[in-house]
Amino acid sequence: MLYLASQSPRRRELLDQLGEAHRTLDVDVEEQRQPGEAPEAYVSRVARDKARAGLWRVAGEAGARVLGADTEVILSDEVFGKPRDAADAAAMLRRLSGGEHRVVSVVWLVGAGGERCATSVSTVRFAVLDEAAIAAYVATGECMGKAGAYAIQGRAAAFIEHLSGSYSGVMGLPLYETSQLLRGQ
């Protein structure tokens, strides 16, 4: 059985697109970047920790495999996690406005057969956002619970001038890379 160590509705929907039967696991993993830890290493560690925590929960089940994923918005060397509140969301959007940032999404597949991972790095260029656009978007609440305070699949799609990389990776689960992991490639 395949398990997804996530309660994210977006990740569940994306995994459904691959036609993979799965169940979800609710895991609690600390998402705190360590001093000196590179952004990509941090994203990978969190995704691996989620997968391992999920596998620990189903360890007695023969053939259990667990996918763990993490996606973060990175500007220079700074990781933009989920906003704490509306003011934090607005501050993130102001910093992303008019520039490019990276979105790193890492997926780990763990099971009795070992551990493997895949990484997707996308570059996103935001349009210049005025204060009214930022305030209106934050007021929708869509920004809450989203890395970088935006959802590419929602109203924030109108902010994206250019995307180079994986749309599904920016959403939270890069489908090509996940498909390759599940096929053993």
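In the predicted model, the exposed residues Ala132 and Ala139 lie on the face of helix 4 that is turned away from its buried side. Helix 4 spans residues 131–140, and its buried residues include Ile134, Tyr137 and Val138. These three residues are on the same side of helix 4 because the arc they cover around the axis is only 100°. The buried residues of the helix pack against helix 3, residues 86–96. Helix 4 is followed by Gly141, which has a positive phi, near 80°.

The packing of helix 4 can be placed in the context of the nonpolar cores. The largest nonpolar core comprises 39 residues. Within this core, the residues with the most contacts are Leu67, Leu93, Phe126, Tyr137 and Tyr150. Helix 3 gives the most to this core, contributing five residues. A second core, separate from the largest one, has 18 residues, among them Ala5, Val27, Tyr42 and Trp108.

Leu93 is in contact with Ile134, Tyr137 and Val138, the residues that are buried in helix 4. Beyond four places in sequence, the contacts of Leu93 also include Phe126 and Leu129, together with Gly148, Ala149 and Tyr150. Of these partners, Phe126, Tyr137 and Tyr150 are listed with Leu93 among the residues with the most contacts inside the largest core.

Leu182 is located in helix 6, which covers residues 175–182. With a relative accessible area of 14%, Leu182 falls under the 20% cut-off and is therefore buried. When residues up to four places away in sequence are left out, Leu182 touches Leu2, Leu15, Leu18, Glu20, Arg65, Leu67 and Leu109. One of these contacts, Leu67, is also named among the residues with the most contacts inside the largest nonpolar core. Between Leu182 and Cys117 the C-alpha to C-alpha distance is 10 Å, with a separation of 65 residues in sequence.

A buried charged residue is found in helix 1, residues 9–17, where Arg10 is placed. Arg10 is buried but forms no salt bridge. The nearest side chain of opposite charge belongs to Glu13, at 7.7 Å, whereas a salt bridge requires a nitrogen-to-oxygen distance within 4 Å. Not counting residues up to four places away in sequence, the contacts of Arg10 are with Gly145, Lys146, Gln153 and Met171.

Conventions: Residues numbered from 1 in each chain as written. Predicted model: local features only at pLDDT ≥ 70, side-chain atom pairs only at ≥ 80, totals over all residues. Heavy atoms only, no water. Helix = DSSP H or I, 4+ residues; strand = E, 2+ residues; numbered from the N terminus. Buried < 20%, exposed > 50% of the residue type's maximum accessible area, 1.4 Å probe, protein only. Contact = heavy atoms within 4.5 Å. Arc of directions from axis to C-beta. Lys, Arg positive; Asp, Glu negative; His and termini not counted. Core = buried A, V, L, I, M, F, W, Y, C linked by side-chain atoms within 4.5 Å.
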